[in-house]
Amino acid sequence: MSIRGPRKGENYELSVDLNSEYRDKRKDAIKRTIASMTVGKDVSGLFPDVLKNMQTDDLEQKKLVYLYLMNYAKTQPELVILAVNTFVKDTDDPNPLVRALAIRTMGCLRAEKIIDYLCDPLQKCLRDENPYVRKTAALCVAKLYDLKPELVIDNGFLEQLQEMISDSNPMVVANTIAALTDIHIAATSQPSTSSSDPGVFVITAAILNKLLIALNECSEWGRVAILNALARYVAADDKESEHICERVVPQFQHVNGSVVLAAVKVIMIHMRGVRREDLIKQLVKKMAPPLVTLLSSPPEVQWVALRNINLLLQKRPDILSNEMRVFFCKYNDPLYVKVEKLDIMVRLASETNVDAHLSELKEYASEVDVDFVRKSIKAIGQTAVKIESAAERCVNVLLELIATRVSYVVQEAVVVMKDIFRRYPSTYEGVIPTLCSNLEELDEPEAKASLIWIIGEYANKIDNADELLGIFVDSFTEESYAVQLQTLTAVVKLFLQKPDSSQGIVQRVLNTATKDCDSPDVRDRAYIYWRLLSTDPGAAKAVVLALRPPISLPQTTVSPALLEELLGEISSLASVYHKPSETFVGRGRVGVDIVQKKGMDLTDERFSTQKALQTVAAGQQAENLLDFDDAPSPDGQPSGLAATEVLSTTPAAANLLAGTSSNPLDDLVSIFGGMGGSGMSGGGVNGIPSAVAGSGPTVASPVQAQQPQDDLLGLF
């Protein structure tokens, strides 16, 4: 006879205590079980033991058991059925807290087998004499709709919710509105939904009055729900819009930031229907104090408020026109708050406050945070572009910053000066020698490109422009692509303005760009400039030295239509990201939209392969891309889709189309390799003459010394 050893382990000890005859011991065991569950330990094996402790008069113990049930209902759906009788019994308990707790827990279990048992208790709770139970039951309807919409419709729960809007208790009204709004969102998210769908919540004039009455008497989250519903309401006329605005304005004084922003959203939406200019000015004036108050919140709330304020200022710049100082950065503000404040400061800058604004930005430029310093200098440039009368003061501040010789300060100031030259051409040319003297300080691509642009733009006024550009030409292949492109353009500008002294440097940069450069963009631009210079210098001047329109600071960062949409989403993530919700929120349950998208991607990939083959086929008869006088392709040659069919007979193309290619790049190369393309002759680029037409200086062809097989364009 074998003797079994005693069972050990934490779960076994909990199981023993959960079945103890002593009430205190059982309650303590439940608390330890919940504690283990909270830290992530698996205590699902104790489900039957915990379930036995469900029938108790101790409200605290009942809450703990319900919490355990909600957590493990999905993994133990068969055992949850055993708790149904206790749930139903608790919904008839004389204590309203127990009744509400039971109906809330049943709604949160989300187990298919328990849904059918939920309807009768929910019917009773929706008509309960206690408002706490009714408001809990209202939210339970929305949860049930998410699980099984047809059950809600068949049992008439939606009609009961519509009746509960007239409830005498404002909290019941608020929760009813929240439930109906959730159901409305779920119903309208389906593409086949019509306006007659029972889940669609239409706010009528009668409902509007009930909402406005309940607004001032419910809790903060109830107010948010009602205000969001008011934002959806379409006013019949301007009188109704005025009435809504007047009733919502008192919510500006609420201590909760979410209520304030929801009230601002309602006002901004319904202000569109207000015709009286004096009332609009009053409403705009009343918006400023609550928005300023939000800036005394913790940093995270401040940032959300600042993002929303940014949107509001794009629509109505006059809201905070006198409140510039509250957006000045504090020493202990996090970087993300400082950056938003800088953006708003530039938006609020005007001729009346520009001096204080500039002195503040100058202080920021001496901070230790490099990113913040850069953004501060950029803000000085934006101020100069925005306010013409303050441009000279901005330039003087920038010159003072350049004089500090701090590397990152100088580099950002050079970038900013380029924008100022674009805005005010030929106005601040006296600054150019100072900028050029700091050439050695520059090591960032954007700063180098900016200075090169300035040198190229004012090459006729800078005596040693060819020497300065020669520095960048010498290190051309080592520079970033942005610097290479800017150097190429600047040298061509120099050549067009000083052809006698710069022929050597333009020849050198064009040769380097066409032979030694990795970037196809740089090579293409070099070939285009070469063709322009070697065929028609007049056309080259018209293209390269064309007058550019002065830049300006955009009033909005988003399109007007998107701005209106985002103003209707204030206090949500859409207004924080400045993007419509569709761009970051998926629709459907369990990522159904992702699954559908993957299926579409497979179709798109096959279509793209077909398209690529069609492009290859179309290029079979193509001559050099730079030859503008291509002869028409001979008749009888397949083109377009017909050529695709011919190509698809090759093994490489067949592999690509079937998706069985082990190396798609090699297959594409083999398709190209099989084509008979006409290469270029070594005497020039498609017969471009090697000298500039007319009396201009001669410019040798960049490909004269190249063999056909080395010529990039020979591939075509």
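## Salt bridges and rings: worked exercises

In this predicted model, the side chains of Glu564 and Arg272 come together in a salt bridge, 3.0 Å from N to O. Let's start there.

**Exercise 1.** Work out which parts of the chain the Glu564 and Arg272 pair ties together.

*Solution.* Start with Glu564, which sits in helix H32 (residues 560-567). Next, find Arg272 in the loop between helix H17 (257-270) and helix H18 (277-293). The two are 292 residues apart in sequence, so the bridge ties together parts that are that far separated along the chain. Now check exposure: Glu564 has a relative accessible area of 26%, and Arg272 comes to 43%. Buried would need under 20% and exposed over 50%, so Glu564 is partly exposed, and so is Arg272.

**Exercise 2.** Find where Glu429 and Lys461 lie, given that their side chains meet in a salt bridge.

*Solution.* The N to O distance here is 2.6 Å. Glu429 is in the loop between helix H24 (407-423) and helix H25 (432-437), while Lys461 is in the loop between helix H26 (445-457) and helix H27 (465-474). That makes it a link between distant parts of the chain, 32 residues apart. As for exposure, Glu429 is partly exposed at 23%, and Lys461 is partly exposed at 47%.

**Exercise 3.** Place these bridges in the wider count of salt bridges in the structure.

*Solution.* The structure holds 26 salt bridges. One of them joins Lys418 and Asp419, at 3.8 Å from N to O. There's also a network of salt bridges that links Lys27, Lys31, Asp58 and Glu60.

**Exercise 4.** Sort two aromatic pairs by the angle between their planes: Tyr364 with Phe372, and Tyr577 with Phe584.

*Solution.* The count of aromatic pairs comes to seven. Take Tyr364 and Phe372 to begin with: their centres are 5.2 Å apart and their planes meet at 40°. Stacked needs under 30 degrees and edge-to-face over 60, so 40° makes this pair tilted. Tyr364 is buried, at 3%, and Phe372 is buried too, at 0%. Then turn to Tyr577 and Phe584: with centres 4.9 Å apart and planes at 90°, the pair is edge-to-face. Here Tyr577 is partly exposed at 41%, and Phe584 is partly exposed at 30%.

**Exercise 5.** Name the residue that lies over the face of Phe372.

*Solution.* Go back to the ring of Phe372, and you'll find Lys338 over its face, at 4.8 Å from the ring centre. Phe372 also forms the tilted pair with Tyr364.

Conventions: Residues are numbered from 1 along each chain as its sequence is written. This is a predicted model: local features need pLDDT of at least 70, side-chain atom pairs count only at pLDDT 80 or more; totals for chains, interfaces and linings use all residues. Side-chain values use heavy atoms; hydrogens and water are left out. Rings of Phe, Tyr and Trp (its six-membered ring) pair if their centres lie within 6.5 Å; planes under 30 degrees apart count as stacked, over 60 as edge-to-face and the rest as tilted. Buried means under 20% relative accessible area, exposed over 50%, partly exposed in between (1.4 Å probe, protein chains only). A charge sits over a ring if NZ of Lys or CZ of Arg is within 6 Å of the ring centre and within 35 degrees of the ring normal. A salt bridge is a side-chain nitrogen of Lys or Arg within 4 Å of a carboxyl oxygen of Asp or Glu. Helices (H or I, at least four residues) and strands (E, at least two) are DSSP runs, numbered from the N terminus.
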